Each structure stands twice: as C-alpha cells, then as structure tokens.
Amino acid sequence: MAPTRVGPPDQETVRNALRGVIDPELGDNVVDLEMVRSVEVGEDGQVVVEVALTIAGCPLRTQLRDDVTARVGAVPGVAGVKVRMGEMNPDERSALMARARWRAREGAPVTEIPARTRVVAIASGKGGVGKSSVTANLAAALAGLGLTVGVLDADIWGFSIPRMLGLEGRISGERTEAGPKIIPLEKRIGTGLLKVVSMGFLAGEDEAIMWRGLMLNRAVQHFLEDVRWGDMDYLLIDMPPGTGDVQMGLARMLPRTELLVVTTPPLAAQLVATRVVDMARKGFLRVAGVVENMSAFTCEHGTAYPLFGSGGGERLAGEVGVPLIGSVPLDPAVAAGGDAGSPVVLAGDSPVADAFVAIAKKLVTEVSPVVEMSGCTARMMERVEAALDAKP
Ligand SMILES: Nc1ncnc2c1ncn2[C@@H]1O[C@H](COP(=O)(O)OP(=O)(O)OP(=O)(O)O)[C@@H](O)[C@H]1O
Ligand SMILES: [Mg+2]
C-alpha cells in the first residue's frame, strides 16, 4: 500500500500536536504554558519549533526536545522537525510560573494522572490479537524493574485484566474534598507496584447493568478523573477492540497518551492495523511503536513454526515509520499464565518471557523513557511560589 502524499500541515495543526507535550514539572502542556515561541512550517514539510526553557541547563531539555520531535513528527505531512531551545528572561519566567500556578488552581487538573507519568495505550485494529496479554505482561515486567505502574482496563464490557493479573475483589472508595475517589487495587511485584482499575472490580450484576447504559467514553473518563492514582512512572491502558471512541476520548482528555499498536504476523493484519494508526494521527495521539504478537512458535526441538505467517509487525512499523519494539512468540504459556492470573513474564527463563522483558526495557530506555524529576523548575517553582506568596 503506497502511503498517500499529503501537503504540509498548517501552524495550528502543529500547535495542536504540541499540546501533547507536557512539561512534567509545571504539569501542563507547552502550548498553554506559552513555552512555544514560534512554529515555522516550510513548503517541503520541514518544521522548526522554538521552545523557551525556564533555564538553559534544564535536565528535562533532552526529553522535551524528544517529545516535541516525536509529536510534531507524527503529524501527517511533516517531513522533518528541528527544535530550537531558547531560554526565558526573568520576566518571562515569572510570568510562566504565575500562569502555571493559575492553571493549576483555576484550571483544575482534568485528570488524576500525575504530570510526570508516561501514558501508554495498548491498541489494535482488531480484537483477539493479544492487547490484554501484552498489557498484563508489560505491566508486570515494568513493575519487575522496580517501577510503579498503573493499569487502566478500558475494556469496559470485556474486561480481562483482573483475571490475567490474578486480582479479585472490589475497589473501595474514599471521600475527599474533591468528591469521592476510587482507590485502585494494588499488587507488589519485586520492588515495583501495580495499581489496577477495571470494571471487573466494580461490577456486581446490578452495577454491571447500570454501567452498560453509560457511554464507553464516560466510563473511561470516570477512571481518569475519579481514581486516586497517586504517583506512577507509567500508566498502561488496555484498549477495547475495534472502537475509535476511546481513542478519540483519550486524545481529548489525555493528549499525551502514546499508542503501542499490537498486530499479528500475517501481512493482511497490518491493513486493519494501519487504520488504527490513521485514527491515532487524526486525533494527534503519538504512535510510539508496534508490537508483533503470536509470531513463530518454537517447539521443544528448536524448530520455529510461523503458524500465522510472518513479517506483519515489521511491515506495519516500516509503513508507519515507527519502531518495531518487539515480537512475542506464540506460546501456550501466555494463555496459561493469563488464566492462572500469573503473567508468563514473571516465570522468566523462556523466549516468551525474555521477549516481554526486552519490550519493557526498550520502552523505558528508548521509546518512552521514565521521567526523572531531578531538578530544574520544580525547585525553582517552589522559590517563585514562596516569593509570590510573600507579596502582599
Ligand atoms: N503470544 C501468545 N501465545 C499464545 N496465546 C496467546 C498469545 N497472546 C495472546 N494469546 C491468547 O490469545 C487470546 C486473546 O488474547 P487477548 O485476550 O490478550 O487479546 P485481546 O487483543 O486483548 O482481545 P480482545 O480484543 O478481545 O480484548 C487469549 O486467550 C490469550 O491467552
Ligand atoms: Mg483485551
């Protein structure tokens, strides 16, 4: 399938995409914080973005640069991205702090997801390709690395996360000043922690019927706004099959969400998968990469059987221009682990466990690195706040 040629985007489209770039310390996107000084779009699709940093030596500099490049690079028609980093003068800086402070207060945070949390949605073009299995194993692998990982089961009607992670019970609520909040169920894995929310923890028979009347999107919104997530390195969202509703909702509510697209090896599968990618781009969600699932099954004698064909993941990644983050072999242990509530990755010592660990490591080191809060504006903000508060 030849990629369709599109002309260069207009400035507004690029600015919209930049709303997906969050300054994790200031807790808002770089456009609304007015950190974007200029956007130039060339006839040839080359885009130059100038971002003004609070201080030039900000440790988040590289991350902001990467995020801007990734977000803008994902806009159709963009051929290349150049990021120029400027530094604010003291007046601009205090104006920014005042704005951040005002937005934090008046603009009330829309979701309960901390600004520094990386949000990764696991999606696919069609059902049954292993989204939930990838979510559960990736979450367990990340927690195994000592990270705190939220799992939002956005498959409201067909939830499978509770069973796959071996969690049962009902989530409790807590009254807070901001209204009642849901507390996720937790599971320790090594030094890491999973925080999980699913309809499976809410749905008694009656409740399930009541919830079915709710729009899918409203339910997901509820999980984003009314769950007391607390601090997290990652939030993984297990997407329901098919529908674009949730994707569009996430683009609106949590535009920094990045998509991992799961596909199966047959070349035909990537046709369906490219549709998800198209949809993501229209809603300006960044597609972070492709995971191929159910690739060649290797028998005990070491012979590989590509039961479902091969090459689909590679082809899709190439076509979309994102990395193939990993291939997970077909292995009955994935299904058995899912049924037993113990993700196969935790058993270790198998090609399939290794594949999940490799994907987790790649996510952490390359694709969507953990945000370290070491430094610059957070401390500075405290000082500025103190100074502002001291003023009559
Ligand atoms: N690599 C694998 N090897 C063997 N079985 C697998 C593998 N990945 C997933 N499965 C099995 O395939 C089935 C579908 O997987 P899963 O439920 O994760 O897919 P899904 O994309 O989340 O489905 P849905 O679209 O219904 O939400 C499950 O029974 C699961 O155990
Ligand atoms: Mg599923």
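Let's start with the shell of residues around ligand 1: eight of them are nonpolar, ten are polar and three are charged. Keep in mind that everything here comes from a predicted model.

So who sits in that shell? In total, 21 residues surround ligand 1, and the closest are Gly127, Ser132, Ser133, Pro241 and Ala335. Three elements each give two or more residues to the shell: helix H4, strand S14 and helix H11. Which of the elements gives the most to the shell around ligand 1? That's H11, with four residues. Here is where those three elements run in the chain:

| Element | Residues |
|---|---|
| Helix H4 | 131–144 |
| Strand S14 | 286–295 |
| Helix H11 | 332–340 |

Now zoom out to the whole chain. The protein chain has 13 helices and 17 strands. It holds 392 residues, and 44% of them count as buried. Look at contacts between residues at least 6 apart in sequence, and you'll find that 77% of them join residues at least 24 apart.

Next up is the inside. The largest nonpolar core has 108 residues, and the ones touching the most other members are Val72, Ile122, Ala139, Val149, Leu236, Val261 and Phe356. Both domain 1 (11–108) and domain 2 (118–367) supply at least three residues to this core. Take Val149 as an example. Which residues is Val149 in contact with, leaving aside its neighbours within four places in sequence? The list runs Ala139, Leu142, Ala143, Gly192, Leu194, Met232, Asp233, Tyr234 and Leu236. Two names there, Ala139 and Leu236, also turn up among the core residues that touch the most other members.

Helix H10 is another place to look for buried residues. This helix covers residues 312–320, and its buried residues are Gly312, Gly313, Arg315, Leu316, Ala317 and Val320. Right after H10 comes Gly321, which has a positive phi, near 80°.

For a contrast, find strand S8, at residues 172–176. Why does S8 lie largely in the open? Because the number of buried residues among its five is zero. S8 does have a partner, though: five bridges join S8 to strand S9 (residues 179–183), and the two run antiparallel. Together S8 and S9 make a hairpin, with two residues between them. If you want one pair to pick out on screen, try Arg175, which stands opposite Pro180 in S9.

How values were computed:
Residues are numbered from 1 along each chain as its sequence is written. Chains are lettered from A and ligands numbered from 1 in the order in which they are written. This is a predicted model: local features need pLDDT of at least 70, side-chain atom pairs count only at pLDDT 80 or more; totals for chains, interfaces and linings use all residues. A residue is near a molecule or strand if its C-beta atom, placed from the backbone, lies within 6 Å of it. Ala, Val, Leu, Ile, Met, Phe, Trp, Tyr, Cys and Pro count as nonpolar, Asp, Glu, Lys and Arg as charged, and the others, Gly among them, as polar. A residue is buried if 20 or more other C-beta atoms lie within 10 Å of its own, exposed if 12 or fewer, and partly exposed in between; C-beta atoms are placed from the backbone. Two residues are in contact if their C-beta atoms, placed from the backbone, lie within 7 Å. Two strands pair if DSSP finds at least two bridges between them. A nonpolar core is a set of buried Ala, Val, Leu, Ile, Met, Phe, Trp, Tyr and Cys residues joined through C-beta atoms within 7 Å. Domain bounds come from an automatic or database domain assignment.
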